[in-house]
Amino acid sequence: MITSRRMAAVDRNASALGVPLRALMESSGNAVARRVRDLTDPGDRVALACGRGNNGGDALVAARFLTDRDVRVHLLGRPESITTDVARANWDALDSAGIDAEAVGDSREFALDDPDLIVDAMLGTGITGDLREPESSVARAITDAGAPVLAVDVPSGVDPDSGDATPGAVDAEHVVTFHDLKPGLADHPDVTVADIGIPAAAEEVVGPGDVAVLGGVGDHKGDSGRTFVIGGGPYTGAPALAAGASLSAGADLAFVACPESVFEPIAGYSEDLIVQPYGDGGDTDDAADHLTPAQVPALVDTAERHDDTVVLGPGLGRHPETEEAARQFLADYSGTAVVDADALALVPEVDTDAELLLTPNRSELAELGGPETDDLVAAAEEIRDLAAELGHTVLAKGTVDVITDGETVRRCRAGTPGMTVGGTGDTLAGVVAALLARAESFEAACVGSYVNGRAAELLDRGKGLRATELQETIPVALEGDDDA
């Protein structure tokens, strides 16, 4: 089954893969016509109630394939108010084909002339809630007509995901839906699922459709999340890149917690970052140079008190005290964290209540207990099994990224050869952290992978890419264009 939101993403991904909406609508309309022919005899009267969106467009196409039926098309509204170019083109085609069609300007005057079958194509899977005019009046007229009803994709007024029906919803005896069954139709007695030519890659490969259906950012400070990067020590650029990328991806605030010894260089990278040296490092002489267990309670308290999304690992290093501190943080923290770089290998050793999103490269994947491979796609099932065993989402980075929550596996092909440059993984961690304010872990990982790769494609730098440049195009990539 597929939810309405996921279906919207798949439709757009199909377009990005070279299957245009016009082709999908033609296939959908043909599927509707086939079901109409199953339910009627030649010469029967068929009334098609068509909305002004793509759901109505499917029925407009169907009308062209029903030349041996007595077809009457009712468009609910003015033709110039049709919402998409492809649906408008199919309305215009009816006139050229000489098909009986009317635009219903006043729903109070809508009438059905004793049809043998009514096609409900008023509202598709993207519309929920109470029926409004003209659909509410037309739905009443459909009910009063007493003829059997074939709904296109979902009966108007029925939630495609829950199956809940709003008052006055169309009660359709038959439904033809597309690509896959919608959850809200699972108990309907007569549903035909039509294959309309959407390639499997539209579901399996992350694309612009996944970005298009992503939840929006908040209107108030803090609604779009706070990123708390715990890193730095031997490497200063990595935590700054992660924090900066999170701001480019929509986070309201980005904090970097780092050793006192590297506070100044990290703070000097950007005025946009809030850089905070670790607290008391304990009794060791070099505690100011790295994370120690004594600093962990304050870091956990800060992250949980402010409901931060943590990024643990960029530039952290592998001092024995740092590794012990990272283990302690993961064990004590109960929020959401992106775990990257030097902290990754510690995850299998720790029992944690935190929700973790792991971003390993190929060598780090092997350290986690995953496969040693240069072909992540070929090893996708093993990566899925690792995610299931760990109980966390895994975003494995490679030429093609593999993303899995232990059940579903997706892959992302966005990116350029120049992304082998250092720092792009830190940037990815920051992007994903920001998206966790808008999406669940698996979706955030999928979209973050695409956005990071698409940002590199937009730069078109080839081997001259620098990780800092990605912050310029991440906001553009988040617009979800179709030119991937």
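Here a biologist and a modeller talk through a predicted model, covering helix crossings, pockets and two loop residues.

Biologist: Let's start with helix 2 and helix 3. Why are they called oblique to each other?

Modeller: Look at the angle. The axes of helix 2 (residues 21-39) and helix 3 (residues 54-64) cross at roughly 60°. Under 35 degrees would count as roughly parallel, and 65 to 115 as roughly perpendicular. The angle fits neither label, so helix 2 and helix 3 are oblique. Their axes come within 7 Å, and helix 2 passes helix 3 in a right-handed crossing.

Biologist: Which residues of helix 2 and helix 3 make the contact?

Modeller: Helix 2 brings Leu21, Met25, Glu26, Ser28, Gly29, Asn30, Val32 and Ala33. From helix 3 come Asn54, Gly57, Asp58, Val61, Ala62 and Arg64. Sorted by class, that contact has 6 nonpolar, 5 polar and 3 charged residues.

Biologist: Now helix 8 and helix 16. What makes them roughly parallel?

Modeller: Same kind of check. The axes of helix 8 (residues 237-248) and helix 16 (residues 470-477) cross at roughly 30°. Angles under 35 degrees count as roughly parallel, and therefore helix 8 and helix 16 get that label. The axes come within 8 Å, and the crossing is right-handed.

Biologist: What makes the contact of helix 8 with helix 16, and how do its residues divide by class?

Modeller: Leu241, Gly244, Ala245 and Ser248 of helix 8 meet Gln471, Ile474 and Pro475 of helix 16. They divide into 4 nonpolar, 3 polar and no charged residues. If you wonder about Gly244, glycine counts as polar in this scheme.

Biologist: On to the empty space. How much of it lies in the largest pocket, and what lines that pocket?

Modeller: About 990 Å³ of space lies in the largest pocket. Its lining has 41 residues, and Asn54, Asn55, Gly124, Thr125 and Gly126 lie nearest the centre. Helix 1 (4-16), helix 2 and helix 3 are the elements that each give two or more residues to this lining. Helix 1 has the largest share, 7 residues.

Biologist: How do you know what mix of classes lines the largest pocket?

Modeller: Sort the lining residues by type: 15 are nonpolar, 15 polar and 11 charged.

Biologist: And what about the second largest pocket, which residues lie nearest its centre?

Modeller: Lys397, Met419, Thr420, Thr424 and Gly425 do, out of 32 lining residues. Helix 12 (362-367), helix 14 (424-435) and helix 15 (441-459) each give two or more residues to that lining. Helix 14 gives the most, with 4. About 770 Å³ of space lies in this pocket, and its lining divides into 9 nonpolar, 15 polar and 8 charged residues.

Biologist: Time for the backbone. What is omega for the cis bond from Glu133 to Pro134?

Modeller: The peptide bond from Glu133 to Pro134 has omega near 5°. You'll find Pro134 in the loop between strand 4 (117-121) and helix 5 (135-145).

Biologist: What makes Asp307 worth pointing out, and where does it lie?

Modeller: Asp307 has a positive phi, about 55°, although it isn't a glycine. Asp307 lies in the loop between helix 10 (296-305) and strand 11 (309-312).

Technical notes:
Residues numbered from 1 in each chain as written. Predicted model: local features only at pLDDT ≥ 70, side-chain atom pairs only at ≥ 80, totals over all residues. Heavy atoms only, no water. Axes fitted to C-alpha atoms, helices over the stretch in contact; angles between N-to-C directions. Parallel < 35°, antiparallel > 145°, perpendicular 65-115°, else oblique. Left-handed = near helix turned anticlockwise from the far one by under 90°. Contact = heavy atoms within 4.5 Å. 1 Å grid on protein atoms, 1.4 Å probe; cavity = no way out; pocket = protein on both sides within 12 Å on 5 of 7 lines; lining within 4 Å. Points joined across faces, edges and corners; volume = space filled by probe spheres on them.
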